[in-house]
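The following exercises are to be worked through with the sequence and the structure at hand. Each task is followed by a solution in steps.

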Amino acid sequence: MSANFHRIVILTGAGISAESGIDTFRSAGGLWEQHRVEDVATPEGFARNPDLVLNFYDMRRAALANVAPNPAHMALARLEREFRGDLLLVTQNVDDLHERGGSARVLHMHGELKSALCASCETRAPWLDAMLHRPPCPVCQAPSLRPDVVWFGEMPYQMGRIYQALEACDLFVSIGTSGAVYPAAGFVQEARAAGARTLELNLEPSEGSSLFHDTRLGPASVMVPQWVEEMLGG
């Protein structure tokens with residue numbers, strides 16, 4: 001692939017974190033299959049059984065201490081440092097592996113495990129501790145914190161900024177995504193409509209694989225460093 005691009009938008013999904021040991025949303029026998037999506041990833045599930053939901057995310061937050069960024073995360077951080085144009089990294093993942101891998105310009109469209117959202121005052125704040133015991137909001141003191149994670153039926157974060165970047169980019173790259181969850185699954189069409197080149201790096205073809213100009217299959221920890229080296233002229 002030619003390195004003559006000036007504005008890149010990169011979308012990452014569960015596949016890039018899976019190689020660090022984080023279970024993917026749709027994996028067979030994975031973390032999510034122990035619970036119905038309706039029970040742990042919807043506002044209605046939280047209203048029905050807040051203890052279940054809070055404990056579920058407390059466990060996921062604590063598990064981050066046992067995983068580390070892999071070569072794909074670190075390669076994207078290198079691209080951010082060395083690429084001379086504009087780059088926006090949009091992730092569907094709620095872990096912090098991109099940041100720990102060295103990336104600074106990361107947009108978490110589905111929120112973050114290490115952040116709390118107060119249902120009373122709508123404040124968002126960094127959060128590392130458990131929520132099951134109903135700690136007070138650091139701003140309004142109400143015991144109404146919830147995970148700052150976008151659940152099904154809720155609007156992903158910063159969609160205006162994302163669509164603006166897609167309309168302006170000349171290269172869109174999707175890494176480790178299933179292509180099944182909207183609105184992210186539609187980003188490739190937005191980018192193509194704006195005239196951008198599109199590339200998919202994935203372990204297997206996504207549901208929208210036919211929409212990409214180029215698809216390269218293999219582990220993210222192998223494919224992403226190879227692509228970054230190519231982009232930087234190595």
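**Exercise 1. Partners of a central strand**

Which residue in β7 does Val 9 stand opposite? Describe in addition how β1 is paired and how far it is covered.

Solution. The model is a predicted one.

Step 1. Locate Val 9 and look across to β7: the residue opposite is Phe 172.

Step 2. Consider the two strands as a whole. β1 and β7, the latter spanning residues 171-175, run parallel and are joined by five bridges.

Step 3. Turn to the pairing of β1 with β2, which covers residues 86-91. This pairing is also in the parallel sense, over six bridges, and within it Ile 8 stands opposite Leu 87.

Step 4. Examine the cover. Strand β1 comprises residues 7-12, and five of its six residues are buried.

**Exercise 2. The nonpolar cores**

Determine which residues of the largest nonpolar core touch the most other members, and which elements supply this core.

Solution.

Step 1. The largest nonpolar core holds 22 residues; those touching the most other members are Ile 10, Leu 76, Leu 79, Val 173, Ile 175, Val 224 and Trp 227.

Step 2. Two or more residues each come from β1, α5 (71-82), β2, β7, β8 (197-202) and α9 (220-231).

Step 3. Helix α9 gives the largest share, namely five residues.

Step 4. Take Ile 175 as an example. Leaving aside residues up to four places away in sequence, its contacts include Ile 10, Leu 76, Leu 201 and Val 224. Ile 175 also touches Thr 12 and Gly 13.

Step 5. A second core is separate from this one; it has 21 residues, among them Phe 46, Val 94, Trp 127 and Leu 145.

**Exercise 3. An antiparallel sheet**

In what order do the three strands of the open sheet lie, and which strands form its edges?

Solution.

Step 1. The order is β5-β4-β6, and the pairing is antiparallel.

Step 2. An edge strand pairs on one side only, and this applies to β5 (124-126) and to β6 (145-149).

Step 3. From one strand to the next, the twist averages 45 degrees.

Step 4. Inspect one pairing in detail. β4, residues 111-118, is linked to β5 by three bridges, and Leu 117 of this pairing stands opposite Arg 124 in β5.

Step 5. Add the helix that covers part of the sheet. Helix α4, made of residues 50-63, lies across β4 and β6, and its direction makes an angle of about 55 degrees with β6.

**Exercise 4. Backbone features in loops**

Where is the cis peptide bond, and which loop contains Pro 183? Examine also the backbone of Gln 141 and Gln 158.

Solution.

Step 1. The cis bond joins Tyr 182 and Pro 183, with omega of about 15 degrees. Pro 183 belongs to the loop between β7 and α8 (187-193).

Step 2. Gln 141 has a phi near 70 degrees, a positive value although the residue is not glycine. Gln 141 lies in the loop between β5 and β6.

Step 3. For Gln 158, phi is near 55 degrees, again a positive value in a residue other than glycine. The loop in this case runs between β6 and α7 (159-168).

Step 4. Gln 158 counts as partly exposed because its relative accessibility is 43%, which falls between the limits of 20% and 50%.

**Exercise 5. A histidine in a helix**

Is His 98 buried or exposed? Name its element and some of its contacts.

Solution.

Step 1. His 98 is part of helix α6, residues 97-101.

Step 2. Its relative accessible area is 1%. Buried means under 20%, and therefore His 98 is classed as buried.

Step 3. Beyond four places in sequence, the residues touched by His 98 include Thr 12, His 73, Leu 89 and Ser 103.

**Exercise 6. The protein as a whole**

What radius of gyration does the protein have, and how does it compare with that of a compact globule?

Solution.

Step 1. Count the elements: there are nine helices and nine strands.

Step 2. For 234 residues a compact globule would have a radius near 17 Å; the protein has 18 Å, so the two values agree.

Step 3. Along the principal axes, the C-alpha atoms fill a box of roughly 55 × 35 × 30 Å.

Step 4. Of the 234 residues, 50% are buried.

Step 5. Among contacts with a separation of 6 or more, 64% are between residues 24 or more positions apart.

Technical notes: Residues are numbered from 1 along each chain as its sequence is written. This is a predicted model: local features need pLDDT of at least 70, side-chain atom pairs count only at pLDDT 80 or more; totals for chains, interfaces and linings use all residues. Side-chain values use heavy atoms; hydrogens and water are left out. Buried means under 20% relative accessible area, exposed over 50%, partly exposed in between (1.4 Å probe, protein chains only). Helices (H or I, at least four residues) and strands (E, at least two) are DSSP runs, numbered from the N terminus. Two strands pair if DSSP finds at least two bridges between them. A nonpolar core is a set of buried Ala, Val, Leu, Ile, Met, Phe, Trp, Tyr and Cys residues joined through side-chain atoms within 4.5 Å. Contact means heavy atoms within 4.5 Å. Axes are lines fitted to C-alpha atoms, for helices over the stretch in contact, and angles run from 0 to 180 degrees between N-to-C directions. The radius of gyration is taken over C-alpha atoms; the globule rule is 2.2 Å times the number of residues to the power 0.38.
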